[in-house]
Amino acid sequence: METNSPFARTMGFGSERDSEGRLVLTMAFETNKMGRPGFLHGGAIAGMLEAVAFTTLAEALDADDNARIKPINVTVNYLRGGRDALTRARATIERLGRRVANVEAIAWQDDPENPIAIAQMNLMLQRD
């Protein structure tokens with residue numbers, strides 16, 4: 001699983017499943033992830049969103065061939081500051097084609113209906 005990558009270990013990502021069985025990444029607040037005092041750095045949030053999008057897509061492709069996933073573009077909308085609390089993120093595959101996938105990822109702290117950031121990613125799939 002992608003959460004075992006060096007980046008995931010450095011960022012301290014954990015994983016769990018929600019009631020629908022979807023992957024949810026978790027990230028505890030630490031001072032090395034702090035931007036302005038008391039708030040998460042935007043790069044930490046964006047990295048978490050990208051990691052959950054890649055991991056969710058990799059899980060969906062698991063039974064497929066050895067597709068390599070490469071980002072085409074990433075757009076992150078920061079909706080509110082991430083406080084010093086546990087942050088969770090999950091992704092939804094909007095479209096999975098032969099060569100391109102579109103994934104939306106959200107990050108939240110208290111309520112998934114009140115996200116702190118949302119990312120839209122377009123990903124290229126290179127298949128052998």
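## Serine 15 and the β1-β2 hairpin

Serine 15 sits in strand β1. In this predicted model, serine 15 is partly exposed, because its relative accessibility is 41% and the buried class ends under 20%. Across the strand pair, serine 15 has leucine 25 of β2 as its bridge partner. Serine 15 also lies 9.9 Å from arginine 90, C-alpha to C-alpha. In sequence, those two residues are 75 apart.

Strands β1 and β2 run antiparallel and are joined by five bridges. Together they make a hairpin, with five residues between the strands. Glycine 21 is in the turn. Its phi is positive, at about 85°.

## The six-stranded sheet

The sheet is open and holds six strands. Their order is β1-β2-β4-β5-β6-β3, and the pairing is antiparallel. The edges belong to β1 (13-17) and β3 (68-78). Each of these has a single partner strand, so one side of each lacks a neighbour in the sheet. On average, neighbouring strands are turned by 25° against each other, direction ignored.

Helix α2, residues 42-60, lies across β1, β2, β3, β4, β5 and β6. The helix runs at about 45° to β4. Alanine 51 is part of α2. This alanine is buried, because its relative accessible area is 12% and the cut-off is 20%. Alanine 51 and alanine 28 are 23 residues apart in sequence. In space, their C-alpha atoms are 15 Å apart.

## Strand β6 and its two partners

Strand β5 (residues 100-108) pairs with β6 (residues 117-126) over eight bridges, in the antiparallel sense. Two residue pairs illustrate the match. Valine 100 stands opposite methionine 124. Alanine 107 has alanine 117 as its bridge partner.

Strand β3 also pairs with β6, again antiparallel, over 10 bridges. Here threonine 75 stands opposite glutamine 120.

Which side chains of β6 are buried, and which are not? The two sets alternate along the strand. Ala117, Ala119, Met121, Leu123 and Leu125 point to one face and are buried. Ile118, Gln120, Asn122, Met124 and Gln126 point to the other face and are not buried. Glutamine 120, opposite threonine 75, thus belongs to the set that is not buried. So does methionine 124, the residue opposite valine 100. Alanine 117, the partner of alanine 107, is in the buried set.

## Arginine 88 in β4

Arginine 88 lies in strand β4. At a relative accessible area of 24%, arginine 88 is partly exposed, because this value is not under the 20% that marks a buried residue. Leaving aside neighbours within four places in sequence, arginine 88 contacts Glu16, Val24, Leu25, Thr26, Met48, Ile106, Ala107 and Trp108. Among these contacts, leucine 25 is the bridge partner of serine 15.

Aspartate 128 is 40 residues from arginine 88 in sequence. The C-alpha atoms of the two are 34 Å apart.

## Helix α1 and the aromatic rings

Methionine 11 is found in helix α1. The residue is buried, because its relative accessible area is 13%, under the 20% limit. Leaving aside neighbours within four places in sequence, methionine 11 is in contact with Met27, Lys33 and Ala44. Alanine 28 is 17 residues from methionine 11 in sequence. The C-alpha distance between them is 8.9 Å.

How many aromatic pairs does a search of the whole structure find? One. The pair is formed by phenylalanine 7 and phenylalanine 13. The geometry is edge-to-face, with 5.8 Å centre to centre and 75° between the planes. Are these two rings' residues buried or partly exposed? Phenylalanine 7 is partly exposed, at 41% relative accessibility. Phenylalanine 13 is buried, at 10%.

Another ring has a charged residue over it. Arginine 36 lies over the face of phenylalanine 39, at 3.8 Å from the ring centre.

## Confidence

The protein averages a pLDDT of 92. At least 70 is reached by 95% of the residues. Confidence is lowest in helix α1 (residues 6-11), with a mean of 89. It is highest in β5, at 98. Where pLDDT is low, predicted coordinates should not be read in detail.

Key. Residues numbered from 1 in each chain as written. Predicted model: local features only at pLDDT ≥ 70, side-chain atom pairs only at ≥ 80, totals over all residues. Heavy atoms only, no water. Phe/Tyr/Trp six-rings, centres within 6.5 Å; stacked < 30°, edge-to-face > 60°. Buried < 20%, exposed > 50% of the residue type's maximum accessible area, 1.4 Å probe, protein only. Lys NZ or Arg CZ within 6 Å of the ring centre and 35° of its normal. Pairing = 2+ DSSP bridges. Helix = DSSP H or I, 4+ residues; strand = E, 2+ residues; numbered from the N terminus. Axes fitted to C-alpha atoms, helices over the stretch in contact; angles between N-to-C directions. Contact = heavy atoms within 4.5 Å. pLDDT = per-residue confidence, 0-100.
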